[in-house]
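Work through the exercises below with the structure open beside the text. Each task is followed by a solution in steps.

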Amino acid sequence: MNNGLDKNQLAAVLQVLKKYNLKGTEEQLRKEASLSDEVDQPDSNVSSVLTGYKSDGDPDTYESSYIELKRFVESSLDIYKHELGMILYPVLVHMYLELVYNGHSDQAVSLMKKFGPEQDVYYQDDLMKLAMVTRRDHMNGNELTDTFKSNQFIIRMSRDTLSLLKRHLHDKKASVLLNIIQEHLYFDMYEGVARNKMQIDATSGAVGGEAKRQDNKAKVYYGIPKAPDIHILSAPVEDEEESAEQDNPDRPKKKKSKKDPLLSKKTKSDPNAPPTDRIPIPDLKDNDKIEKLKALREASKRTNLGPENLPSCCCYTLLNANYSVCCAEITEDSSMLAVGFNDSIIKVFTLVPQKLKAMKSADKLQEVNIEAEDVLVRMMDERSGESVRSLCGHSGPVYSVSFSPDRTVLLSASEDTSIRLWSLQIWTCLVVYKGHMFPVWDVKFSQLGYYFASCSYDRTARLWATDHYQPLRIFGGHFSDVDCVQFHPNSNYIATGSSDRRVCLWDISTGNHVRLMTGHKQPIQALAFSVCGRFLASAGADCTVLIWDLSHGHLVAELTGHDKTIHCLAFSRCGNILVSGGLDCSVRLWNFTKLTEEISSEDVNISHNPDVKTGDEYLLRTFQTKNSPLINLHFTRRNLMLAIAVFDGMAT
């Protein structure tokens, strides 16, 4: 490294220290480095060190350097050509930004016009946005230029391909090209055969390049822990019957009531499940235990779905609500539906004959016997029953709603940057959670209740607990809006999908990301975990459903067929079927069992990308609605499929 560059770097550090008024540190650095006062004079060299864009290249050599690189890629052997081709896009972007930064707009615009259109189709949107940046001051605060400027573009490449590229760069000594590749590209090298075009395309498309293999090395406890023991509830019933028999010995003896067969089933412990004390879990209340028993009984009557036994679908269509409905959610027991509207109102509908009741007034509540077993029923005012109730409080469109597992509270997220917790017993707002600085796109309760997750335009996802005003964890690392969030079935992880076209899996006990998955070509709008917890389905504006294996973090299948944005995904309760729905007014049913059986029967080469399964062989059926885009899909405990759609009278 030459002295000139050393001086520039030291001057850049001094400039930062001066900016933040850190005089002691500045003087100490001057003394140790024996620097005179004139070193820290701000100049273009200093600012180029700070931004990462050097100005030592002749603006007229950029185009010829790019043409030479392109010629080298195209003349390479077919086995290496596709991997080498991956560097053309990031090199073009950084050449363009470097020219703009150094005031050579004409050369930058000419370079983009010539070579922009020939880049992969999934990069065209980003290139169009970059083409709007034609002056250095346009770069300030621009999300895309900031991402490229401050993050290296990741390219996964085989050892042989990389050594070929290094040899070429060494022979040519093209300083412009060499600077960009050294400063702004990161090569994640693997041993093995170079990938073909299909394999590369499967995981390309994200803003910052592919995921590094290091990003997917951590162990993920994707298994489901054993359900907590709830025998206690069935014990008192048996005791009563036994004592009745002892009091009256002449009475004909009843057969001894057997233990509930649902409870006597021993569930095997999953070796991939997290330890039970890995995250603090709220204690089950008696009411929760009764609810769990009820759910188990319902599940025992469940129909197992498959290719020969497809689900029936009941579609609730919202009329006269086009462009005013933002989101919808159904409770776990399928008894209530919440809808969030553009005018900041939330409506809760009952889907069963029981009406939505409010709690009695305070003076009436004093008369209730709190020792009674049905105290919760007695607290409600029978005459207050309604089939729909409205919740008002937000000051912007409501983008997401989520019911707690016990159905006593509802969360909502809004453009007004807040998350609200509503009581479904007194029908009023209990808490306003403030932490996000921009609109909140999604909010989800954990399967345990108590914990919930949110995500926002501010590029973060956050973990909260209902009894804390502040978030417990902030998950930062996405380059753009985080559009959707989903809890893993074991509640130890959350998945996020972003407009940077990356899917992330975060560990809530450490706050770190443990999986980073690239392959989407447009923003991600929907996520769903498989019932077993090993697989994650994601979908969005690129109209494809991608299936990821969380054990290693690789892409295993790409399901195509939708022709507009996919907004919702759901797995059947038995886990055999995955359904997807969206703006193309259709619901598609996919054979998930067939897919997982094929995956488990293959030896997967995880050193780099294994082949991705595609094709219509997994599609079982398509349900079509009449001009009604789908906004939510849900399976009842007995495996009936419920869909929520919004009728679009303007559609042709």
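**Exercise 1. A pair of strands**

How many bridges join β8 to strand β9, and in which direction do the two run?

Solution. Note before starting that this is a predicted model. Strand β9 covers residues 409-414, and 5 bridges join it to β8. The two strands run antiparallel. For one position on this pair, look at Val401: it stands opposite Ser412 in β9.

**Exercise 2. The sheet around that pair**

State the order of the strands in the open sheet of 4 strands, and explain why β8 and β11 stand at its edges.

Solution. Step one: the order is β8-β9-β10-β11, and the pairing is antiparallel. Step two: β8 (398-403) and β11 (428-434) each have a single partner strand, so one side of each is left without a neighbour in the sheet. Step three: with direction ignored, neighbouring strands of this sheet are turned against each other by 20° on average.

**Exercise 3. A hairpin**

Describe strand β16, its partner, and the residue with a positive phi between them.

Solution. Begin with β16, residues 482-487: 6 of its 6 residues are buried, so the strand is mostly covered. Next, 5 bridges join β16 to strand β17 (residues 493-498), and the two run antiparallel. Within this pair, Phe487 stands opposite Ile494 in β17. Finally, the hairpin has 5 residues between the strands, and Ser491 takes a positive phi near 65°.

**Exercise 4. Two loop residues with positive phi**

Locate Ser344 and Cys543, and decide for each whether it is buried or exposed.

Solution. Take Ser344 to begin with. It lies in the loop between β5 (336-341) and β6 (345-350). Its phi is near 75°, a positive value in a residue other than glycine. The relative accessible area of Ser344 is 14%; buried means under 20%, so Ser344 is buried.

Now take Cys543, which is found in the loop between β21 (535-540) and β22 (544-549). Phi of Cys543 is near 65°, again a positive value in a residue other than glycine. Cys543 has a relative accessible area of 15% and therefore counts as buried.

**Exercise 5. A loop residue to classify**

Where does Asp58 lie, and is it buried, partly exposed or exposed?

Solution. Asp58 is in the loop between α3 (44-51) and α4 (61-74). Its relative accessibility is 41%. Partly exposed covers the range between the 20% and 50% limits, so Asp58 counts as partly exposed. As a further step, compare sequence and space: Asp58 and Leu99 are 41 residues apart along the chain, and their C-alpha atoms are separated by 9.5 Å.

**Exercise 6. Aromatic rings**

Which kinds of aromatic pair do Phe445 and Phe452, and Phe452 and Trp464, form?

Solution. A pair of rings is described by the distance of the centres and the angle of the planes. The structure holds 17 aromatic pairs. Phe445 and Phe452 form one that is edge-to-face, with 6.1 Å centre to centre and 65° between the planes. Phe452 and Trp464 form a stacked pair, at 5.9 Å centre to centre and 0° between the planes. This second pair links distant parts of the chain, 12 residues apart: Phe452 is in strand β13 (residues 451-456) and Trp464 in strand β14 (residues 460-465). Phe445 and Phe452 are both buried, and Trp464 is buried as well.

Ring pairs also link Tyr89, Tyr122, Tyr123, Phe148 and Phe153 into a cluster. Over the ring of Tyr122 sits the charged end of Lys521, 5.0 Å from its centre. The charged end of Arg136 sits over the ring of Tyr101, 3.9 Å from the ring centre.

**Exercise 7. Confidence and the whole chain**

What is the mean pLDDT of the chain, and where does pLDDT fall below 50?

Solution. The mean is 85, and 86% of the residues reach 70 or more. Over residues 38-50 the pLDDT is below 50, and this stretch has 26 contacts in the model beyond near neighbours in sequence. Residues 253-259 also stay under 50, with 6 contacts beyond four places in sequence. For the chain as a whole, the count is 18 helices and 29 strands. Buried residues make up 49% of its 652 residues.

Key:
Residues are numbered from 1 along each chain as its sequence is written. This is a predicted model: local features need pLDDT of at least 70, side-chain atom pairs count only at pLDDT 80 or more; totals for chains, interfaces and linings use all residues. Side-chain values use heavy atoms; hydrogens and water are left out. Buried means under 20% relative accessible area, exposed over 50%, partly exposed in between (1.4 Å probe, protein chains only). Rings of Phe, Tyr and Trp (its six-membered ring) pair if their centres lie within 6.5 Å; planes under 30 degrees apart count as stacked, over 60 as edge-to-face and the rest as tilted. A charge sits over a ring if NZ of Lys or CZ of Arg is within 6 Å of the ring centre and within 35 degrees of the ring normal. pLDDT is the predictor's confidence in each residue, from 0 to 100. Contact means heavy atoms within 4.5 Å. Two strands pair if DSSP finds at least two bridges between them. Axes are lines fitted to C-alpha atoms, for helices over the stretch in contact, and angles run from 0 to 180 degrees between N-to-C directions.
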